[in-house]
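Student: I have this one open on my screen and would like to go through it with you. Could we start with the pocket and then move on to other things?

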Amino acid sequence: NHRIQRWVPGAAAGETVAGGKGKGDALNQLACPFGLVIDSTGALLIADRDNHRIQRWVPGAAAGETVAGGKGKGDALNQLACPFGLVIDSTGALLIAD
């Protein structure tokens, strides 16, 4: 479904908090999201695997912003190739399993 769902304990249904507009590369779309972390502001950082980018979604936003990659699949320092895991270290830096 190319989205991130939030499920509150006991809820009968979830709510879409990122993506959900079909598979694609627009800022309001995801393509096979694979991993995510939540930063200190509550924003989601999403490994958007098939778009070879990391998207940051602020709570309540209609679209995300690209914070890493997004320059096509590749091995250059400004590119990613199917990222699937993320962690934020103690300095606030984002580490990406690429």
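Tutor: A definition is needed before the pocket makes sense: Ala, Val, Leu, Ile, Met, Phe, Trp, Tyr, Cys and Pro count as nonpolar, Asp, Glu, Lys and Arg as charged, and the others, Gly among them, as polar. Please also keep in mind that this is a predicted model.

Student: OK, so how many residues of each class are in the lining of the largest pocket?

Tutor: The lining of the largest pocket has nine nonpolar residues, along with three polar and two charged ones.

Student: And how much space lies in the largest pocket?

Tutor: The largest pocket holds about 230 Å³ of space. It is lined by 14 residues, and those closest to its centre are R6, V17, G42, L44 and P59.

Student: Which strand gives the largest share of that lining?

Tutor: That is β1, with three residues of the lining. At least two lining residues come from each of β1 (3–6), β2 (15–19) and β3 (33–38).

Student: Changing topic, what is the count of disulfides?

Tutor: The count is zero.

Student: Why is there no bond from C32 to the closest cysteine sulfur?

Tutor: The closest cysteine sulfur to that of C32 belongs to C82 and is 9.3 Å away, which is too far for a bond, because the two sulfur atoms would have to be within 2.5 Å to count as a disulfide.

Student: Is C82 buried or exposed, or somewhere in between?

Tutor: C82 is partly exposed, because its relative accessible area is 25% and the partly exposed class lies between 20% and 50%.

Student: Now the interior: which residues make up the largest nonpolar core?

Tutor: Seven residues make it up, namely V37, L45, A47, I54, A68, L80 and L86. Apart from that core lies another, of six residues, including I4, A18, L30 and L44. As background, nonpolar side chains in soluble globular proteins tend to be buried together.

Student: Staying with L45, what is it in contact with beyond its neighbours within four places in sequence?

Tutor: With those neighbours left aside, L45 is in contact with G35, L36, V37, D39, I54, Q55, R56, V67, L86, I88 and L94, and of these V37, I54 and L86 are also named in the largest nonpolar core.

Student: What about P83, where is its place in the chain?

Tutor: P83 sits in the loop between β6 (65–69) and β7 (85–88), and it counts as buried because its relative accessible area is 0%. Its C-alpha atom is 7.9 Å from that of I54, although the two residues are 29 apart along the chain. Leaving aside neighbours within four places in sequence, the contacts of P83 include F34, A47, H52, I54 and I96.

Student: You mentioned H52, so what is notable about its phi?

Tutor: The phi of H52 is near 55 degrees, a positive value in a residue other than glycine. Most residues other than glycine have a negative phi. H52 lies in the loop between β4 (44–48) and β5 (53–57), where it is buried at 12% relative accessibility. H2 likewise has a positive phi, near 55 degrees, but its place is the segment before β1, and it is partly exposed, with a relative accessible area of 21%.

Student: Last one, what does N51 touch, not counting residues up to four places away in sequence?

Tutor: N51 touches G24, D25, L30, A31 and G70 on that basis. N51 is found in the loop between β4 and β5 and is buried, with a relative accessible area of 15%.

Note on methods
Residues numbered from 1 in each chain as written. Predicted model: local features only at pLDDT ≥ 70, side-chain atom pairs only at ≥ 80, totals over all residues. Heavy atoms only, no water. 1 Å grid on protein atoms, 1.4 Å probe; cavity = no way out; pocket = protein on both sides within 12 Å on 5 of 7 lines; lining within 4 Å. Points joined across faces, edges and corners; volume = space filled by probe spheres on them. Helix = DSSP H or I, 4+ residues; strand = E, 2+ residues; numbered from the N terminus. Buried < 20%, exposed > 50% of the residue type's maximum accessible area, 1.4 Å probe, protein only. Core = buried A, V, L, I, M, F, W, Y, C linked by side-chain atoms within 4.5 Å. Contact = heavy atoms within 4.5 Å.
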